[in-house]
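The following exercises concern the fold and selected residues of one protein chain. Please attempt each task before reading its solution.

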Amino acid sequence: MRLHDGAPGAVGEFGATPDGERVERYVLGNGRLRARVLTYGATLQRLEVADGANVVLGLPTLDDYLHRSRYFGAVVGRYANRIARSRFTLDGREHRLTANDGVNSLHGGVRGFDKRVWRVESAGPAEVELSLVSPDGEEGYPGELRARVRYVLDGDALRLEYRATADAPTVVNLTNHSYFDLSGSGDVRGHVVAMEADRYLPVDEGKIPAGGPVPVAGTPFDFTAPTRVGARLGGRYDHCFVLQGRVTVADPAGGRTMEVTTTEPGVQFYTGHMLDGVATPYGPFAGLCLETQRFPDAPNRPAFPSPVLRPGQEHVSVTTYRFGHA
């Protein structure tokens, strides 16, 4: 069923945060796709494809996003994924971050970009651009960072464009944390995934890379040929893959497909197995994430693609999700 919350370009109140910040919801549409984007967390709340089906996990109220979210649809940063021991050294100076995942820092810390109200810079029927200023020292990160994200509906594709600048050397890694379910069944283990990725990053018990990339060949992490999510490891994946091209996802039962392309070097493939249906409205395997990004713990790994952003430079990242029907 299609939404009844206004024509494309409509904007409405979605509530206010405990400290009184107003949160708005923007409706986007282009005749093929239809989306709802919240200013809280620059969140993709809902995405309907051409046949009217919603393919992302969202929450109905702002209170749910404040208290029951696991980054559902949000833009995460300043640094997506994990930084080991919540610290890194840049230009000879150690920076200590807020730990929020055991001893590690995850998705920007306790109050990352997913928990901030973004400002709308421009909006139209099929696109919206949001901005956020992260002050020097926020969650321990150096330098003032000015970030932007632009959601664009283009035919059967949703394109996310990220940009950021800083007034001092810092690190940045921005991504969207949408959980996708192409079937609407609440269980993605039957989805079929193929990745143009011949290496992945093994991790330790804290999900920190245990060295550098290794070949996927002969391991349960080989998705170079289309493979059902639940075929190996019980479907439990939360790993970064080194991308050489696209990722495709298909729901064999319903025929819906999604193709992901990105300018980023990696994608964190997470199958939602840690959702419990108690702390959040969704249970295990209700959706899968394809978080396009720099590698986890890259600020501490000189051999990884650099996440460093310096004054005078601009961080630019583009990811496109294209939907179809087999």
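**Exercise 1. A buried glutamine**

Task: Determine whether Gln-293 is buried or exposed, and describe its surroundings.

Solution. Step 1: Gln-293 has 0% relative accessibility and therefore counts as buried; buried means under 20% relative accessible area, exposed over 50%, and partly exposed in between, with a 1.4 Å probe and protein chains only. This is a predicted model, in which local features need pLDDT of at least 70 and side-chain atom pairs count only at pLDDT 80 or more, while totals for chains, interfaces and linings use all residues. Residues are numbered from 1 along each chain as its sequence is written, and side-chain values use heavy atoms, with hydrogens and water left out.

Step 2: Gln-293 belongs to strand E24 (residues 289-293). Helices (H or I, at least four residues) and strands (E, at least two) are DSSP runs, numbered from the N terminus.

Step 3: If residues up to four places away in sequence are not counted, Gln-293 touches Ala-80, Asn-81, Asn-173, Thr-175, Glu-264, Pro-265, Gly-266 and Gln-268. A contact means heavy atoms within 4.5 Å.

Step 4: The side chain of Gln-293 also reaches the backbone oxygen of Glu-291, at 3.0 Å. Such a polar contact is a pair of N or O atoms within 3.5 Å; within protein, one must be able to donate a hydrogen and the other to accept it, and residues adjacent in sequence count only if both atoms are side-chain atoms.

**Exercise 2. The chain as a whole**

Task: Establish how the radius of gyration of the chain relates to that of a compact globule.

Solution. Step 1: For 326 residues, a compact globule would have a radius of gyration near 20 Å, and the chain has 19 Å, which agrees. The radius is taken over C-alpha atoms, and the globule rule is 2.2 Å times the number of residues to the power 0.38.

Step 2: Along the principal axes, the C-alpha atoms fill a box of roughly 55 × 50 × 35 Å.

Step 3: Of the 326 residues, 55% count as buried. Among the contacts with a separation of 6 or more, 64% involve residues 24 or more positions apart.

Step 4: The chain contains 1 helix and 26 strands.

**Exercise 3. Two open sheets**

Task: State in what order the strands of each open sheet are arranged, and identify the edge strands.

Solution. Step 1: One open sheet has 9 strands in the order E10-E11-E12-E13-E26-E22-E21-E16-E19, with antiparallel pairing. Strand E10 (119-124) and strand E19 (227-228) each have a single partner strand, so one side of each is left without a neighbour in the sheet. Two strands pair if DSSP finds at least two bridges between them.

Step 2: Within this order, strand E16 (residues 192-195) and strand E21 (residues 247-250) pair in the antiparallel sense over 4 bridges. Met-195 stands opposite Val-247 in E21.

Step 3: Another open sheet has 4 strands in the order E1-E2-E3-E4, again with antiparallel pairing. Its edges are strand E1 (11-16) and strand E4 (43-48), each pairing on one side only.

Step 4: E1 and strand E2 (residues 22-29) are joined in the antiparallel sense over 5 bridges. Here Arg-25 in E2 is the bridge partner of Gly-12.

**Exercise 4. Backbone features and loops**

Task: Locate the cis peptide bond, and find which residues named here have a positive phi.

Solution. Step 1: The cis peptide bond joins Gly-77 and Arg-78, with omega about 10°. Arg-78 lies in the loop between strand E5 (75-76) and strand E6 (82-83).

Step 2: Strand E7 (residues 87-90) and strand E8 (residues 93-96) pair in the antiparallel sense over 4 bridges, and Arg-87 stands opposite Arg-96 in E8. Their hairpin has 2 residues between the strands, and Asp-91 takes a positive phi near 55° there.

Step 3: His-107, although not a glycine, has a positive phi of about 50°. His-107 sits in the loop between strand E9 (105-106) and E10, and is buried at 5% relative accessibility.

Step 4: Asp-297, also not a glycine, has a positive phi of about 60°. The loop that holds Asp-297 runs between E24 and strand E25 (308-309); Asp-297 is buried, with a relative accessible area of 2%.
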